[in-house]
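Q: Could you walk me through one part of this model in some detail? I care about geometry, so please keep the distances and angles in.

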Amino acid sequence: MRNAFIVCAGVLLCSSIASEAHAATTLDVDNLVAPPSPSASGFFSGQPDPAFTPTILYQTFTATQTGTLALIDVIASGSGSGNVYLSVYGGGNQTTPGTTLLGTISRAASNIPFIALSSFDFSTLGISIVAGQTYTFSQSADPCGATGCTTFTNWNYFNPTTTSNGYAGGALSIAAPALSGFPSSDLNFRTYVNVADGVPEPATWAMMLLGFGAVGATLRRRRSVRPSLVFRRAAS
């Protein structure tokens, strides 16, 4: 029983230490400022322009962490009976969004609250993010139909490097239908990345070796024990 307890303790020690190398969700880019603000104005994705072409919002950003994309938060509003979409692309610059589609998350527009935080969970898509590289996310919505238009609103902030909104690494573009760039503006957003904890510290390695050693020593001791026969003289 004691040997079994030692084996279980060693296995639990090693597994708990190994779990420390799992990914941790880390804030990557933060430009989330709750409206209202004097510098905020709304743009509608899915709202038809005079040519009846849906509007799409694009926001470029430069990653600061390496890992897999976990979440994108936006302060937005949704309306209508259709769906809204948040898509991520590789590449992009101050005037042109990226074009390599990496993944899309959809939600019902009716589930997007009015001027409130909405989180889009990308963790199941396995989108790799590399620090220092530029990416783009877009907001779009189902086209207008017989039942009306679906809208997906975000808020943009004038963003020269002297402002205090905390992010000037990307730019806003609007396609409606021609692409117009706004390099001095950013959408209201925040990105999160699942980052691996990395190589264990020396103390962690020592604890792992201790756990494996306890298991190995117990197994060797169990193999070295041999059953013995004991003969007792029958009582007269």
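What share of the contacts in the chain with a separation of 6 or more comes from residues 24 or more positions apart? And with that as background, which parts does the aromatic pair of Phe-61 and Phe-137 tie together?

A: One thing up front: this is a predicted model. On contacts, residues 24 or more positions apart account for 81% of those in the chain with a separation of 6 or more. As for the setting, the chain has two helices and 14 strands, and 37% of its 236 residues are buried.

Now to the rings. A pair of aromatic rings is described by two things, the distance of the centres and the angle of the planes. The structure holds six aromatic pairs. Take Phe-61 and Phe-137: their ring centres are 6.3 Å apart and the planes sit at 45 degrees, so this pair is tilted. Phe-61 belongs to strand E3 and Phe-137 to strand E9 (residues 134-141), so the pair ties together parts that are 76 residues apart in sequence. Both Phe-61 and Phe-137 are buried. They also have company, since one aromatic cluster takes in Phe-61, Tyr-135, Phe-137 and Phe-189.

Another aromatic pair is Phe-120 with Phe-152, again tilted, with 5.9 Å from centre to centre and 40 degrees between the planes. This pair links distant parts of the chain too: Phe-120 is in strand E7 (residues 116-121), Phe-152 is in strand E10 (residues 151-158), and the two are 32 residues apart. Buried means under 20% relative accessible area, so Phe-120 makes the cut with its 0%. Phe-152 is buried as well, with a relative accessible area of 0%. Phe-120 has a charged partner on top of that: Arg-107 lies over the face of its ring, at 5.2 Å from the ring centre.

Back to strand E3 for a moment, because it offers a polar detail as well. Thr-60 has its place in this strand, which spans residues 56-62. Thr-60 counts as buried because its relative accessibility is 3%. A polar atom of the Thr-60 side chain lies 2.9 Å from the backbone nitrogen of Ala-171. So strand E3 holds both Thr-60 and Phe-61, whose ring partner Phe-137 sits in strand E9.

Finally, the outside: the chain exposes about 12900 Å², and carbon and sulfur atoms supply 61% of that area.

Conventions: Residues numbered from 1 in each chain as written. Predicted model: local features only at pLDDT ≥ 70, side-chain atom pairs only at ≥ 80, totals over all residues. Heavy atoms only, no water. Helix = DSSP H or I, 4+ residues; strand = E, 2+ residues; numbered from the N terminus. Buried < 20%, exposed > 50% of the residue type's maximum accessible area, 1.4 Å probe, protein only. Polar contact = N/O pair within 3.5 Å; in protein donor to acceptor, adjacent residues only side chain to side chain. Phe/Tyr/Trp six-rings, centres within 6.5 Å; stacked < 30°, edge-to-face > 60°. Lys NZ or Arg CZ within 6 Å of the ring centre and 35° of its normal. Contact = heavy atoms within 4.5 Å. Areas by Shrake-Rupley, 256 points an atom, 1.4 Å probe, with all protein chains shown as cover.
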